[in-house]
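Here's a quick briefing to read alongside the coordinates. Keep the viewer open as you go through the points.

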Amino acid sequence: MGGLLSHPVTAVHLQRRANDKFQCGVATLQGWRISHEDAHCIDLDWGLTHEEGFFAVLDGHTGDDAAEFGAKELPKQLSESAGDPEDRTVQGIQAGFLATDEALRQSHSEAGAVVVASIVTPLGNGKYKVRIMNAGDSRAVVFSGKHVDMAKLEKAQDDVTKQLCNDDSTEASSDRGLLGGGDPLGSKKNLAALSEEDVGLLAATKDHKPDDPEEKARIEEAGGFVSSEEPARLCGVLALSRGLGDFAYKDDEDLSADKQKCIAVPDVKEVVVEAGDWVVLACDGVFDVMSNEDVAREVMVRAQSGQDLAEIATEVLQRCLNLLDSKDNMTCMVIRVGTSELGLETEVPDEKQEELQLGGYSDPQTLAPGMAEKYQTFFRKAGFSKNPAACSTCSRVYRHMAQCPCKNAVYCGVTCQKKGWKDHKKVCKAVKGNVPASPTAATDTASSSAGRKGHHGGHNVWAQPADSSLRHLVPEAVKLFERSQSPMIRWGDTPLTPSRLLGMLDAAEIDQMLLSAWVRPGGIEAVSNEKVLSFTTAAPDRFFGLAAVDLDRPVEAARLIEKAVKDDGFVGVRIMPWLWDRPPTHETYYPIYLKCVELGVPLCTQVGHTGPARPSDTGRPIPYIDRVALHFPELRIVCGHIGHPWLHEMMSVMWKHENIFLDTSAYLPKMYGKDLLAYMHTKSGSKKVMFGTNFPQLDLTKCMQQVHQLGLPPDVKDRFLTTNAQKVFALPQPAAIAAAAVLLQQQQQQSGFGQPGLPSADGAGKNGSDEENRVVDEAFMRSLTVTPVPPGDYTEEENNFLVDQMVKHR
């Protein structure tokens, strides 16, 4: 099972989906495990006909690589191999699993994942064919409530709850300590002693455990063994015998894929069901402590009481965690077929599709040391902010949230806005007559941007949010920083904060700064992506992030880059070849290059000799940068540190390749040299070179002062300091942001209530064009405007304004 935390992460991520054929709700939580390694897939329009439903739950181990990969790849492979529904065979389904496994092998992942999945095919006349398939110890159950005695199930539910809680309560503490409370796993299964007939069970998959006679025979025939410990383990390691990945147990070249010690071949069952019947997919974190009958009873009784499917799945997980002592990651997916036949909702509003229950994070101050970070990591993986804001009316947290301009109220949608307005209008600082609000995020942006010299303020494209801790994490650079008289030396142990760095930018008249994370071999984060994110979140119009990744885990690195760009708003990736002692042409870089091309963001690297005490040969522009540009002509490559002593090589490469650029970081402007300055004066060179400092190596104010002393023509200076960086990194113009913020402030003062394009609940939102909105962390608060509600308990002025400002949800 791996290591356990001292306390469980009790937050739950809920998802809801529906169409005219299926309703699906899923819930997943981390629990006691150190990390969350589950993944899942919901596709309501799957297959060649786009009329089928595909559903899967994947339980990963040794990381989440295999689970995440399988959740994306398996539906594609099955769509090709399983073919038309009328001609579908078990062999075709098994071929899709094996093709997914082979694709995972090609990704060089060392992880594994068990899979349980279902394909649901409409047959007409309210009937559906359900195929359930599993490779591993997760499970699928299919059941029907048409002929069950619901009164019997409800009584059984009450009796079981009382037994588990040892009183009349239906709640139990979620924090009973690492070894606290309850019987061993599995000893509380089916306390109600219900039969399969009692719960209308129609079909269920069989778990693949190493000590199952059939599985054990295959393992031993392949030269493996099954340990006698509890639980039994394949070769003393794996507590499962089938699944994706785990290629160390699939390495016998003389054996076919279905004869290896561990195989990816699923068992497949099918059953015809009717509208209103149920399919549940869940991992062993659920079925190790609950029986098929338990799960079916829970689902039908809770559905009878009116809970939606995601809430039902959540209740199943909470029971497993709080009352049945499950210590594993858990995911439960509940599917109901026949949506339109049952007269159920056939669509889930966008703003309700993704929900987060905060669990213990509802009061972070009470969490044990280190637990807040575990919750925040779980939130981020689920696609939410590290510090999610709850609706001021209903207290629920959805991915699509919006904030009143006064910043004192957050809403999940129009309904809650309407409910809360009667009380909120009395204190809303955006309403005329109320006490003026403290400056909003937009107002702060306006005042801080408008007060600076915007035209030649400068964009510093190479910097790190680093303080004295960097001396210990990158000791190779200590001598360089000392010889450069780095301002970091003067700071002592004083930490660098966003507000402190903003003061330095203002003093140096620098508008915007790109901040880079640093990851060195072994996955050691000298400057973490999370730290960079804390700066970009604090000042989204001034700081922009460059992600760093672990080259030794290129597949995981590619996924991290996608998350950093799409979810966190990072504008590029930076890799230091000298830190890894690998030239840019090494194969581990290539997945990163491909991902940058796919996302349209630059790859930043270093050229020239290394100031730190490491070999310099990885910094040669020719052959390395030249070859990468030939292989990836669409990739924008920003080469830092000028390139000395190979500057002429660098200029030749820039002339040859359209998407190669240079920044001047690590060199004071007086040290640029006449050759580089002459190149910057050319028509081509003026568009290729950008200002950088390698802060905190060099003092920002000193660098800017020396730039002004270079005597650059105004057009060259503007491109060097501003325009080139804006184009290469797609940065917004501070002047445009400031103007939009001032306009927003004026509109609020004139109207007395909120405007379209409200700030996000993280305080990072903007009002105005797409360019300003790009700054918003769209994965967290996707511009759900606080839509005006119909006229009611408002003044005539408010009513008129609300009607005028009606906007549609995105």
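What follows goes from the overall picture to the two sheets and then to a couple of helices.

Bear in mind that this is a predicted model. The protein has 810 residues, and 59% of them count as buried. Its secondary structure comes to 27 helices and 26 strands. If you take the contacts with a separation of 6 or more, 73% are between residues 24 or more positions apart.

**The parallel sheet**

- One open sheet has eight strands with parallel pairing, and the order to follow is β17-β18-β21-β22-β23-β24-β25-β26.
- Its edge strands are β17 (459–463) and β26, each of which pairs on one side only.
- Strand β23 (residues 603–606) runs parallel to β24, and four bridges join the two; in that pairing, Cys604 has Val638 of β24 as its bridge partner.
- β24 (residues 637–640) also pairs with β25, again in the parallel sense, over three bridges. Here Cys639 is matched with Leu662 in β25 as its bridge partner.
- To get from β24 to β25 the chain goes through helix α21 (residues 647–656), and this β-α-β crossover is right-handed.
- On to the last pair: β25 and β26 (residues 689–690) are parallel, with two bridges between them. Leu662 turns up again here, with Val689 in β26 as its bridge partner.
- Helix α22 (residues 674–680) sits in the chain with β25 and β26 in a β-α-β unit, which is right-handed.

**A closer look at β25**

- In a regular strand, side chains alternate between the two faces of the sheet.
- Strand β25 (residues 660–663) has Ile660 and Leu662 pointing one way and Phe661 and Asp663 the other way.
- Are these four buried or exposed? All are buried, Asp663 included.

**The antiparallel sheet**

- A second open sheet of eight strands has antiparallel pairing, in the order β8-β7-β11-β12-β2-β1-β13-β14.
- β8 (201–204) and β14 (397–398) are the edge strands here, each pairing on one side only.
- Within this sheet, β11 (residues 278–282) and β12 (residues 330–337) run antiparallel and are joined by five bridges. Ala282 stands opposite Cys332 in β12.

**Helix α3**

- A simple check on geometry: α3 (residues 150–165) has 16 residues, so at 1.5 Å a residue it should span 22 Å, and its end C-alpha atoms are indeed 22 Å apart.
- The buried residues of α3 are Met150, Leu153, Ala156, Gln157, Val160, Thr161, Leu164 and Cys165. Looking down the helix axis, these buried residues fall within an arc of 150 degrees, so they line one face.
- What do the buried residues of α3 pack against? Their partners are α6 (292–304) and α7 (309–322).
- The face turned away from the buried side carries the exposed residues Ala151 and Lys155.
- At the start of α3, Asp149 brings a side-chain oxygen to within 3.2 Å of the backbone nitrogen of Ala151.

**Helix α16**

- In α16 (residues 529–538), the buried residues are Asn529, Val532, Leu533, Phe535 and Thr536. Down the axis of α16 they fall within an arc of 160 degrees, so they line one face of the helix.
- The cover over those buried residues includes helices α9 (371–381), α15 (498–508) and α17 (554–566). It also includes strands β18 (512–516), β20 (524–527) and β21 (543–547).

Conventions:
Residues are numbered from 1 along each chain as its sequence is written. This is a predicted model: local features need pLDDT of at least 70, side-chain atom pairs count only at pLDDT 80 or more; totals for chains, interfaces and linings use all residues. Side-chain values use heavy atoms; hydrogens and water are left out. The expected span of a helix is 1.5 Å times one less than its number of residues. Buried means under 20% relative accessible area, exposed over 50%, partly exposed in between (1.4 Å probe, protein chains only). The arc is that of the directions from the helix axis to the C-beta atoms. Contact means heavy atoms within 4.5 Å. A polar contact is a pair of N or O atoms within 3.5 Å; within protein, one must be able to donate a hydrogen and the other to accept it, and residues adjacent in sequence count only if both atoms are side-chain atoms. Two strands pair if DSSP finds at least two bridges between them. A crossover is right-handed if, with the strands pointing away from the viewer, the path from the first strand over the helix to the second runs clockwise.
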